[in-house]
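Here is a short briefing to read alongside the structure. Have the viewer open, and follow the bullets topic by topic.

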Amino acid sequence: MSYWKLVWKNLTRRRSRFVFTLSAIAVGIASVVTLLSLGTGLEAEIRKQADVLGANLVVTPRGWCAYEQISVLTGESLPEAIPSETVRAIERIGGLEAVPYLTQRAVLHNQPVPLVGILPERMRAFKNWRVARGDYRLDGSHVVVGSGISDRFRLAVGDTVRIRGQEFAVSGILEQVGNRDDLAVYMDLAVAQRLYGAGDKVSFVAVRVDDIGRTDDYIAAIQSAADVDVVSDKQLLRSVLAIVGSVGNALQLIAAVAVLAACFGITNTMMTAIYERRREIGILGALGAGRGTVFSVFVGESAVYGLLGGIAGVVAGFAFSYFAAPYIGQNEFTAFVGSEQSVSVFDLGITIQALVFAVLVASLSGVYPALRAARLSPVEAIRYE
Amino acid sequence: MSDPILRAEGLTKVYDGGYRTVALEDVTLEIPRGSLTCIMGPSGHGKSTLLHLLGGLDRPTSGRVYLDGEDLTAASPRRLAGIRSRRLGFVFQFFNLLPMLTALENVQTAMLLAGVPRREQEARARELLRLVGLEDKLHAKPNQLSGGQRQRVAIARALANDPDLLLMDEPTGNLDSRSEEDLLEQVRAVHARGKTVVIVTHSDTVAALAERTVTIRDGRVVPG
Ligand SMILES: Nc1ncnc2c1ncn2[C@@H]1O[C@H](COP(=O)(O)OP(=O)(O)OP(=O)(O)O)[C@@H](O)[C@H]1O
Ligand SMILES: [Mg+2]
């Protein structure tokens, strides 16, 4: 006989109650794990995307709110609105490099994919792209695709794709860069403008400045040269993190409620168990169990609930994150989650944190019932039938 | 009666839960070492109360209990738990065993609480259960045992830590005369091995076994 065996025998004597209490804990911990794994995965991904934006500043149409500005990062296709004379005015400012582009949607195999109209050579230099296979050739009948697109749609050099009813040959495939750029089809800007009826307008102008220390001066210069808004990559990042943060807050609230419910579940289960086992507690007392021993046995039961529920919760949580991540990826705020590895499917750190948390919270929930048990006098418990 | 193992002096127990009951009043008695003592008396007159006080399960309103000269009424709860575990064995009238444990595990639990290492527990528990004639019921749960068998498991468990003093509250209370005989046989054997035994009982058969009988009436010891 050992104390663990005693704890275990007590735990499992009421199968259904054991299972229900465990499920409650598992749900609570699963929501915590989902929160943690989605949270860390998302934030890391957003930072990565913003890093490789390759621009310090982005010129957007006048009067855009933060929500609209974020589409620069997410690649949502918002109406093209910056005319070519504005682009030229910005290009005339010294000490910066400005690259206009148009974002649209194309459909491959019935799935929407981002299509970006670019000035081929300037964009390649700006982004430092390298070609993995084929040639970098963009014109009226050729496009280039990112590595992610080529993988997803099994596109090889020389294959044809149909965009807005017109056939284009894939001339080349870019080397993987690890962000959204991998997940787009690139077309010559003029061709794209004609195909999508965008006139001479573009969606954004990406700007890289020579002297980062004078970023504010450049913003002022651009705004006096043209009627546009300018955001810095840092501002963009902050806006996105704020929005993702608010999504995270909602998740946190759900997790907190789930954990709290699990705690009450444990407390309730233990109170019921102690009421039912008054006489057994008396027997233990008569056999020489001190208050400390009775307390430990009952807190031990709660802790084991925490451990087992925690393990089930961790498994369920990671499974949920794994299956849910692709759907969350459809959401425009979180559209960064393009690549599969962006959501951590299993993370040792999170696992340990979640288990420690589960055991701790469960033990705490068991403290009050265990104190009640320890305060029972042996006679009180034996006396009545 | 030179060296009593247990001595009670002026024990009074008053229950005051809204309405006052004097369960025990000024009880003074000695239990000689190695004796077999019966406590008898009408129902509700304080026998169980006395037994609980003698075993340090409860505290008196006033008066003292000495076990080998040590004042139990002044001992800390921790000290009392230790004494119950190592020096005393209890058998109660109805509810004795932990229902989710087998006979063997019930006996082992008493050893666990006394800090007996796991390796030693099982062999000793088997031996004790063999002594009470239950070697074929080691792995039976209490609800698979008869009332008499349960009481025998309780006796085996009370003996688990080789106590000096065995306190039994109506151990044969709900047994037929055949089972009562069996159980008394066990008690006699325990007593023969030098243990001090105190039995609360209504049964004349049990009383016939005793060397001494203490009669309690209205919470007092009846002289004679
Ligand atoms: N916890 C308690 N609270 C209030 N009164 C109590 C309590 N325990 C016992 N009593 C009262 O104390 C008196 C003695 O009770 P006790 O259990 O000692 O009697 P007993 O002699 O063992 O009776 P029986 O032979 O029926 O077991 C009774 O009147 C009982 O009602
Ligand atoms: Mg009684």
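Helix H1 of chain B is the element that contributes most to the shell around ligand 1, giving three residues. Please keep in mind that this is a predicted model. The notes below start at the ligand, then turn to salt bridges and to a patch on the surface.

**Where ligand 1 sits**

- Ligand 1 is found between chains A and B.
- The space that ligand 1 takes up is the second largest pocket.
- Two elements of chain B give two or more residues each to the shell around ligand 1: strand S2, residues 19-32, and helix H1, residues 47-54.
- There are 15 residues around ligand 1, and those that come nearest are Arg383(A), Ser43(B), Gly44(B), Lys47(B) and Thr49(B).

**Polar contacts of ligand 1**

- Which distance separates a polar side-chain atom of Thr49(B) from an oxygen atom of ligand 1? The two atoms are 2.5 Å apart.
- Lys47(B) also places a polar side-chain atom by the ligand, at 2.6 Å from an oxygen atom of ligand 1.
- For Gly44(B) the backbone is involved: one of its polar backbone atoms is 2.7 Å from an oxygen atom of ligand 1.
- On its own, ligand 1 would expose 630 Å², and the protein buries 73% of that area.

**Salt bridges**

- Over all chains, the count of salt bridges comes to 27.
- In one of them, Glu276(A) pairs with Arg14(A), and their closest N and O atoms are 3.5 Å apart.
- Why does this pair tie together parts that are 262 residues apart in sequence? Glu276(A) belongs to helix H9 of chain A, residues 233-276, while Arg14(A) is in the loop between helix H1 (3-11) and helix H2 (15-51) of chain A, so the salt bridge links those two parts.

**A nonpolar patch on the surface**

- Phe346(A), Leu348(A), Ile352(A) and Val356(A) make up a nonpolar patch on the surface.
- Together, these four residues have about 430 Å² of accessible area.
- One of the patch residues, Val356(A), is part of helix H12 of chain A, which covers residues 348-375.

Conventions. Residues are numbered from 1 along each chain as its sequence is written. Chains are lettered from A and ligands numbered from 1 in the order in which they are written. This is a predicted model: local features need pLDDT of at least 70, side-chain atom pairs count only at pLDDT 80 or more; totals for chains, interfaces and linings use all residues. Side-chain values use heavy atoms; hydrogens and water are left out. Patches are made of residues with over 30% relative accessible area and no salt bridge: like charges are joined within 9 Å, nonpolar side chains (Val, Leu, Ile, Met, Phe, Trp, Tyr) within 5 Å. Accessible areas come from the Shrake-Rupley method with a 1.4 Å probe; for residues, only the protein chains shown count as cover. A salt bridge is a side-chain nitrogen of Lys or Arg within 4 Å of a carboxyl oxygen of Asp or Glu. Helices (H or I, at least four residues) and strands (E, at least two) are DSSP runs, numbered from the N terminus. A residue is near a molecule or strand if one of its heavy atoms lies within 4 Å of it. A polar contact is a pair of N or O atoms within 3.5 Å; within protein, one must be able to donate a hydrogen and the other to accept it, and residues adjacent in sequence count only if both atoms are side-chain atoms. On a 1 Å grid over the protein atoms alone, a cavity is a set of points where a 1.4 Å probe fits but cannot get out, and a pocket is an open set with protein on both sides within 12 Å along at least five of seven lines; lining residues have an atom within 4 Å of a point. A molecule sits in a cavity or pocket if more than half of its atoms lie within 2 Å of its grid points.
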